[in-house]
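Student: Got a minute to go through this one with me? I'd like to start with how the chains meet.

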2 protein chains.
Amino acid sequence: MDVLKERILREGSYLGRGILKVDSFINHQVDPALMMLVGREFARRFGYLKPNKVLTAEISGIAPALATAFALDVPLLYARKTRPITMPENPYRAVAPSHTKGQVVELLVSPEFLGEQDRVLLIDDFLASGKTIMALVDIVKQAKARLVGIGAVIEKAFEEGRESLTPLGVPIESLVVIERFEDGHPIFRE
Amino acid sequence: MDVLKERILREGSYLGRGILKVDSFINHQVDPALMMLVGREFARRFGYLKPNKVLTAEISGIAPALATAFALDVPLLYARKTRPITMPENPYRAVAPSHTKGQVVELLVSPEFLGEQDRVLLIDDFLASGKTIMALVDIVKQAKARLVGIGAVIEKAFEEGRESLTPLGVPIESLVVIERFEDGHPIFRE
């Protein structure tokens, strides 16, 4: 997705230790028009699998997942990290690494909205270690729903998350794949 | 907004103590098509004020605010509750009540994305006590940006948040106003 590569080159910045800052258009400030393009591209790539629900994790997955759900005309479901008072007491639970706290967080999904009738497309902003996505996969399994595909806006190939997801046997699509950083610049896979 | 009232009547449930559960289409599961209608309605009501940025608070404000920002063709900015490693060390900070933890949370916005050139439209899912919105107003003031309007998808009039926001002197628009609950059913303001 060339428009995304150009944006990363123009506005992204490399903070070292594999961390790409894209806070100006994805992660803190969001470019809604770009997100809608992202959503349409995911819908184009995954539509044939007939997902009836898009699942993501709060927080930064919400924008690309909402745009994808809109393009597919299906509901978005986002896993919560704390249980709101409106959530039943025994939600599906899985553990994922926390990017801000250096520890782990729980992901919680209400059984009201995910069950064996569902064909689930997972969408997230980054595919890095794959651990957050694996936690969502775990929730899909608990719900006896069917996982049909996994999409990430940006994949950091050097963190090898794709290797852990490949055995799931579903299509994995990243809109941009960063092979590595060289002198602070991302090297994209063609 | 009749489509929203109908949805609340059909799928919302009253949990007592003023708490309306709308987890099936706004707060956990999200109806993207409804959100786009919400965004277009806010754009129609606030467009004349020429906002150049939509500000909300993670988490449940993101969906309606993204749709509004898309309809207005301006960036969305969402306040974070924990500081990601990509955020500068001294962000704008304000304190808001936590709905899940019964305590308070910090809202954090990077000065990189909000400054005196900005005309800010605040959007949130609920206007209840108004305290979260006041925290966002505080951040707008710290940034020396100009607040141009406040929009909420659902207003709970009995929590009187509007009274605390009125002195700000900007238009406040709620798409649905709930006056009170009677026998577990919302009574809407006409």
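Student: So how many residues does each chain put into the contact?
Tutor: The contact takes 44 residues from chain A and 44 residues from chain B. Keep in mind that this is a predicted model.

Student: And how much area do chain A and chain B bury between them?
Tutor: About 3,800 Å², with 66% of it on carbon and sulfur atoms. On the chain A side, A:H28, A:I59 and A:T86 lose the most area to chain B, and together they make up 19% of what that side buries.

Student: What about charges? How many salt bridges are there between chain A and chain B?
Tutor: Two salt bridges link chain A and chain B. A:E112 forms a salt bridge with B:K21, where the closest N and O atoms are 2.7 Å apart.

Student: And how many residue pairs are in polar contact between the chains?
Tutor: There are 18 residue pairs in polar contact between chain A and chain B, counting pairs with both residues at pLDDT 80 or more.

Student: Which element gives the most to the side of chain A that touches chain B?
Tutor: That would be α4(A), with five residues. The elements of chain A that each supply at least two residues to that side are α2 (23–27), β3 (29–30), α3 (32–46), α4 (62–72), β5 (76–79) and β7 (104–109).

Student: How do the residues on that side of chain A divide into nonpolar, polar and charged?
Tutor: The side of chain A that touches chain B has 26 nonpolar, 10 polar and eight charged residues.

Student: Switching to symmetry: what turn lays chain A on chain B?
Tutor: A turn of 180 degrees with a shift of 0.0 Å along the axis, and the RMSD is 0.0 Å. That is the relation of a two-fold axis. In chain A, the C-alpha nearest the axis belongs to A:I59, 3.2 Å from it. A:I59 has come up already, as one of the residues of chain A that lose the most area to chain B.

Student: Why do the copies meet through the same surface?
Tutor: Because 100% of the interface residues of chain A are also interface residues in chain B.

Student: Back to β3(A). In which sense does β3(A) pair with β5 of chain B?
Tutor: Antiparallel, over two bridges, with β5 of chain B covering residues 76–79. A:Q29 stands opposite B:L77, and A:V30 stands opposite B:L76.

Student: What's the strand order of the sheet with β3(A) in it?
Tutor: β3(A)-β5(B)-β4(B)-β8(B)-β9(B)-β10(B)-β11(B), an open sheet of seven strands with mixed pairing. Its edge strands are β3 of chain A and β11 (185–188) of chain B, each pairing on one side only.
Tutor: There is also an open, mixed sheet of seven strands in the order β11(A)-β10(A)-β9(A)-β8(A)-β4(A)-β5(A)-β3(B).

Student: In that one, how many bridges join β8 to β9 of chain A?
Tutor: Eight, and the two strands run parallel, with β8 at residues 119–127 and β9 at residues 146–156. A:R119 has A:R146 as its bridge partner in β9(A).

Student: Last one: how many salt bridges does the structure hold over all chains?
Tutor: It holds 30 salt bridges over all chains. Among them is A:E190 with A:K5, at 3.7 Å from N to O. A:E190 lies in the segment after β11 of chain A and A:K5 in helix α1 (residues 2–11), so the pair ties together parts 185 residues apart in sequence.

Conventions: Residues are numbered from 1 along each chain as its sequence is written. Chains are lettered from A and ligands numbered from 1 in the order in which they are written. This is a predicted model: local features need pLDDT of at least 70, side-chain atom pairs count only at pLDDT 80 or more; totals for chains, interfaces and linings use all residues. Side-chain values use heavy atoms; hydrogens and water are left out. Contact means heavy atoms within 4.5 Å. Buried area is the accessible area (1.4 Å probe) that two parts lose on being put together, summed over both. A salt bridge is a side-chain nitrogen of Lys or Arg within 4 Å of a carboxyl oxygen of Asp or Glu. A polar contact is a pair of N or O atoms within 3.5 Å; within protein, one must be able to donate a hydrogen and the other to accept it, and residues adjacent in sequence count only if both atoms are side-chain atoms. Helices (H or I, at least four residues) and strands (E, at least two) are DSSP runs, numbered from the N terminus. Ala, Val, Leu, Ile, Met, Phe, Trp, Tyr, Cys and Pro count as nonpolar, Asp, Glu, Lys and Arg as charged, and the others, Gly among them, as polar. Two strands pair if DSSP finds at least two bridges between them. Copies are superposed by least squares on the C-alpha atoms of residues with pLDDT of at least 70 in both.
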